[in-house]
Structure formats: C-alpha cells, structure tokens
Amino acid sequence: MNELKKENPLGSENIGTLLVRFAVPSIVAMLVSALYNMVDQFFIGRSIGMLGNAATNVAFPLVMICTAIALMCGVGGAANFNLSMGRGQKKRAASFAGNTIVLLLSLGILLCVVTRIFLEPLMLLFGATPKVLDYSIVYTGITSLGFPFLILTTGGTNLVRADGSPKFSMVCTLTGAIINTILDPLFIFVFDMGIAGAAWATVIGQVVSGIMVIGYLTRYKTVKIGKKELKPNFGYFRKIASLGMAPCFNQLAMMTVQIVMNNVLTRYGAASSYGSDIPLACAGIITKVNMIFFSVNIGISQGLQPIISFNYGADKLRRVKEAYLKAIASATLISTAAFLCFQFFPRQIIGIFGSESEAYYQFAERFFRIFLFCTFINGIQPITSNFFTAIGKASRGIFISLTRQIIFLLPLMVILPMFFGIDGVMYSAPIADSVAAAFAIGFAVWELRKYPSLKE
C-alpha cells in the first residue's frame, strides 16, 4: 500500500501543479458541454429569433437532468474509485468503475424513453407558451435521442480523470462540441432544417463523444474492467449515489429553479410592459451565459475531486487543505472577472444572440446586472459542496449543494414577485447567493480547523 501511495503523483506532486493538470481539462470539458447549448442558442437566435431562443430555454431543464444523473454517477463513482485507490484497494476500485458505467448507460436510456413518452406535457410544465410550444417539441424530441450519450460523456469523463487522463477527458467533450459547431450552421442555413437542424447537430456531436468515452473505458490504465466488474451490485450503486448526490442535487435544484423561474417570468411578465415572451427569451440566454461561467467553477471542483479523495484516503490532510484553499482562490478570481463582464457589458453579450426590440434589451440589461450581482462569490458553494463529497462526508455536501437553489433561491423567487412584480425574480438571486456562500464558508472553516497548518 505504501509503495502505491508513493508512486501515485496525487499523493506526492505539487498541489498547484496537480490542480492545473486536473482542473484545466475539466474546466474545458464543462465549458464545452455548456457551449453545446450556447452554440444552438446563437444560430437559432439568428435564424428563428426570440421564439427559438425561448424554445431552447424551455428544453434546458432536461439537459440539467442529464447533467444531474451524469454527475451523481460520475462524481460518486470517481470519488469512491480514488478513495479506494488511496487505500490500496484496487479490486474494489475496479468494481466501482464498472458499476458506474452500468448506471450511466441504464439511466441515460431510461431518461430518453420517458422524455419521448411525455414530451408535450413536459414542455408545458417547463413554461412553454402557445407560440413557443411547437418549436420546443421539435427541438427536444430530437435532442432526447442523444441523452444516453450526453450522460455517458459527462459522467464517464469523471472516470477518465480518475484514471489519470484528464486531457483525454477534455478531448472527448471537445470533439463533440466542434462537430456540433460545424454542423449547426450547415444544417440550419444550408440545408434549411431550422431548429431541427440544430437539434440533429447536437445529437451527432454527443454520439461521437460518447463513443470515444466507451473506447477509453475498455482499456482503463490503473485497473482492469471486465465482465465481473460490470455485474450490477446494488451495494456499489448505493455508495456511488451517496457520494454523487451532492452535485446531482445541485443540478436538480438548478433545474427546479429554472422551471419555476420560467413560469414566474411568464406570469408576471404578462402583467408588465414587457409581455411574457421577452422575459422568457432573455432569461434563457442569461441562464446559459451564466452556465458558462458556472461551468468553470464546476470544472475546478471536479478537477479537485481526485486530489482531495486520494490524499484524504491516504491521510495526507495538509495536502487536502492546501488543495481546497487554492481551488477556492482560483474560483473567486475567475468569478470576479465574470462579475465585471456581467455588470459592464450586458447589452453586448445579449446582442450576440440576435437583434430584438429596445424593450428586450432594457429587460436583459436589468436582469444581467441584478440577477448576477453576486457572481463574484458563486464559486465558494459548489467547490465546498464537492469538497465534502470528495472526503466521503456526503450529507454535508448534499446540504451545502441545496442551500442556494432550494433552501433560499426557490422560496425567494416565489415570494418576492408578490411584492415587487417581475423585479422580485431578479432580486432573489443575489440574496440567495450571499447567504449560501456564508453557509459554505462556515462549514469549511469548521472542517479545516481540524487539519494541520499549511506551514507544518
């Protein structure tokens, strides 16, 4: 066991170097995943306009469900894999990897089937207006075919990183995104396929990425994954879900907030000078732009996970503490840069996705500046949540993952519009961001005070 720990760079290499090596490919992979939707939004906005943008916003909760499932299986499987490897339990680690693959494929197929059966009711539930419904049904009906591959790619790349190949995990996601970016304008403008063309471009990119991940997992480096390791074991399923539940809940919470926000904006927008379609379209763009920034923080937290898990399993607590603090510092720096962009250039950002009325731009600018006002502290909560997951303290990770979206933001988003109208939706976010960050800091300080000083 001692020989394994000495040879594994996770337990010996410089923390800053490890964080860059694992976090940067993870950030790129998460950014590329977010760009799938951004690329569609860009070309759909320029070909169809506001209603097309609104349709992709209505479909977005299902993408969040895919990500939630993928993170539950991928992060939970990778955390158990690295904790087992840190303790020298290679056979147990291989079984965790195999059972993670089984979960990813099974749940991806199940979600695809359920979506296609209940397609129209889901679109109405997610806030589709009569003008937007047909567009959303066409787009989601096609993209649902790619759900198994999207889930396999997003979750499987966590296993690829856990095996010590963060660059290949990045290449898998990047390849699919490049294919999507090339095919989008070709299908939409050249073949005149409209919103269906954007959907097919997305699916083709996801299929290619998924096949690349499958190819890697058949030749895993650190352990051998055979038929025995792929045999379903509900004991392993439970442990995977336990450690993956925090990032899963965080995504499900974001999805719930998105659905509620769509419906609240539609209701209160109809009573305002903007109408119901302008807020729905603007919120979709702003949410996805914010997802690009948020993907950076998620990428940092995912890159941090194998470092934290291995060193915690190997009882190297000083390295655990150092890695967490450096990740928080990096995320805060990036979050501050995003905050400045959102505050000073909202019109320029929204203008990328097509030209609309002056009322559209006025609403979008106010939404950007108010809703995303506390962006500069938004890296603290997801990284802290994933930190507790990585050290095996799943309940704390789950609680922290729920603070911003479910415990604070969701109630505020329902209550404040009763008093402030559509502006109440905007003010709910910075309040929730501030309180959630305070909770995360409190939990982290309580945990890290038991660890050795960085000077020791």
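A residue counts as exposed when its relative accessible area is over 50%. Asp315 sits at 60% relative accessibility, so it falls in the exposed class. This is a predicted model, and Asp315 makes a handy starting point in it. The residue is in the loop between helix 12 and helix 13 (317-344), and its phi is near 65 degrees, a positive value in a residue other than glycine. Most residues other than glycine have a negative phi. Asp192 tells a similar kind of story, with a phi near 55 degrees, again positive in a residue other than glycine. Asp192 is placed in the loop between helix 8 (166-190) and helix 9 (194-217), and it counts as exposed because its relative accessibility is 65%.

On to confidence. The chain has a mean pLDDT of 86, with 96% of its residues at 70 or more. Residues 1-6 are another matter: the pLDDT there is below 50, and beyond near neighbours in sequence the stretch has nine contacts in the model. Where pLDDT is low, the predicted coordinates should not be read in detail.

As for the interior, the largest nonpolar core has 114 residues. Met123, Tyr220, Phe363 and Phe367 have the most contacts inside this core, and helix 3 gives the most to it, with 18 residues. Leaving aside residues up to four places away in sequence, Phe367 touches Met261, Leu265, Ala283, Ile286, Leu372 and Met426. There is also a second, separate core of 34 residues, with Phe310, Ile383, Ala444 and Tyr451 among them.

Two helix residues give contrasting pictures of burial. Asn158, in helix 7 (residues 147-162), has 3% relative accessibility and so counts as buried. Apart from residues up to four places away in sequence, Asn158 is in contact with Leu71, Gly74, Val75, Ala78 and Gln302. Glu120, in helix 5 (residues 119-125), counts as partly exposed because its relative accessibility is 43%. With the same sequence neighbours set aside, Glu120 touches Leu133 and Ile137. The C-alpha atoms of Glu120 and Ser136 are 8.8 Å apart, while the two residues are 16 residues apart along the chain.

Then there is the empty space. The structure holds five cavities of 30 Å³ or more, and the second largest of the cavities has a volume of about 200 Å³. Its lining is made of 14 residues, and Met254, Thr287, Asn290, Arg404 and Gln405 are the closest to its centre. Helix 11, helix 12 (277-313) and helix 17 (394-420) are the elements that give two or more residues to this cavity lining. By class, the lining of the second largest cavity has eight nonpolar, five polar and one charged residues.

Among the open sites, the second largest pocket contains about 170 Å³ of space. This pocket is lined by 13 residues, and those nearest its centre are Asn80, Leu83, Arg87, Lys239 and Leu243. Two or more lining residues come from each of helix 3 (50-86), helix 4 (90-117) and helix 11 (234-270). Helix 11 has the largest share of the pocket lining, with four residues. The residues lining the second largest pocket split into four nonpolar, five polar and four charged.

How values were computed
Residues numbered from 1 in each chain as written. Predicted model: local features only at pLDDT ≥ 70, side-chain atom pairs only at ≥ 80, totals over all residues. Heavy atoms only, no water. Buried < 20%, exposed > 50% of the residue type's maximum accessible area, 1.4 Å probe, protein only. Contact = heavy atoms within 4.5 Å. 1 Å grid on protein atoms, 1.4 Å probe; cavity = no way out; pocket = protein on both sides within 12 Å on 5 of 7 lines; lining within 4 Å. Points joined across faces, edges and corners; volume = space filled by probe spheres on them. Nonpolar A, V, L, I, M, F, W, Y, C, P; charged D, E, K, R; others polar. pLDDT = per-residue confidence, 0-100. Core = buried A, V, L, I, M, F, W, Y, C linked by side-chain atoms within 4.5 Å.
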